[in-house]
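Here are some exercises to work through with the model open beside you. Try each task before you read its solution.

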Amino acid sequence: MNYIIDIFLIAMSAALINNFVLYYFVGICPFIGVSRNISMAFGMGCAVTFVITIAAFISWAITTFVLIPGAPLTAFVAGFFLPGEQAAAVDLTILSYIVYIFAISSSVQFVEMYVRKFFPPLYKSFGVFLPLITTNCAILFACLTIMSNVAVDNPAEAWDLGRALVLAIFGGVGFTIAIVIMAGIREELDMCDVPKPLQGAAITLVTAGILAMGFMGFTGVDSGLKKALKPEPAQEMSINLQDAAPVLARVTIEN
């Protein structure tokens, strides 16, 4: 039951409460550049969701089995050159950025090839922004978040693959929600009489700021849900034996 609650909290936090774009302000480049119409924004959101899921799977596997101290594959290889304790203590998390960037770039290349073959109009509408998913910091942010929850001191608290994939999938869903809402607003702004100094990027950034302030209303919902779904066990009353001694003695004398 606790596992299902954890999954639910991670999903709600990634999609709405702590939205990657509107809370952490990562992935702003495609959020601003590809939010001119709803269809293109939705396509970009789906592409980012797919890439972030594949990258999260790869990053979790590499982090768990290679990068963190005590990783089985690293310990096995290092065991040929080092004593057992030193082999188990090898820490390769310093390579995390390089490994994650390679994982993201390979996933983006796969998506680009797929979209080019099966959805040529969508590929043309993306233009340069589809390859730029490689540098989308929202995906790297998700990979680093997964690493921070895998490389923990207590192995029992480390995230499994299920938690990592839920964070990635619903982080992509949150990105899609944000960029589609932004695209809908920008389509309406095209028909509005925007003052000349605010036309273009200026009104877009102002709108994004107001949208982020709106999503700030979800702040604290995650902690409230956690308290509601995971009530703290009542503390057991402790008995002070020194205070209870006179009472016990009196009961003994009366009997």
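**Exercise 1.** In which hand of crossing, left-handed or right-handed, does H3 pass H6?

*Solution.* This is a predicted model, in which local features need pLDDT of at least 70, side-chain atom pairs count only at pLDDT 80 or more, and totals for chains, interfaces and linings use all residues. Residues are numbered from 1 along each chain as its sequence is written, and side-chain values use heavy atoms, leaving out hydrogens and water.

Step 1: find helix H3 (residues 38-67) and helix H6 (residues 96-118), whose axes lie 9 Å apart at an angle of about 145 degrees. Helices are DSSP runs (H or I, at least four residues), and angles run from 0 to 180 degrees between N-to-C directions.

Step 2: judge the hand. The crossing of H3 past H6 is right-handed; that is, the near helix is turned clockwise from the far one by less than a right angle.

Step 3: inspect the contact (heavy atoms within 4.5 Å). H3 contributes residues including Ala47, Phe50 and Ile54, while H6 contributes Val99, Tyr100 and Phe110, among them. The contact of H3 with H6 holds 15 nonpolar, 4 polar and no charged residues.

**Exercise 2.** Describe the largest pocket and its lining.

*Solution.* Step 1: take the volume, which is about 430 Å³ for the largest pocket. A pocket is an open set of points on a 1 Å grid where a 1.4 Å probe fits, with protein on both sides within 12 Å along at least five of seven lines; lining residues have an atom within 4 Å of a point.

Step 2: list the lining. Of its 17 residues, Leu9, Ile10, Ser13, Asn18 and Trp159 lie nearest the centre of the largest pocket.

Step 3: trace the sources. H1 (2-17), H8 (137-150) and H11 (221-229) each supply at least two residues, and H1 gives the largest share, 5 residues. By class, the lining has 8 nonpolar, 5 polar and 4 charged residues.

**Exercise 3.** Which residue classes line the second largest pocket?

*Solution.* Step 1: note its space, about 160 Å³. Step 2: find the lining, which includes Arg36, Arg186, Asp190 and Gln199; helices H9 (161-189) and H10 (201-215) are the elements giving two or more residues. Step 3: sort them into 3 nonpolar, 3 polar and 3 charged.

Notes: Points joined across faces, edges and corners; volume = space filled by probe spheres on them. Nonpolar A, V, L, I, M, F, W, Y, C, P; charged D, E, K, R; others polar.
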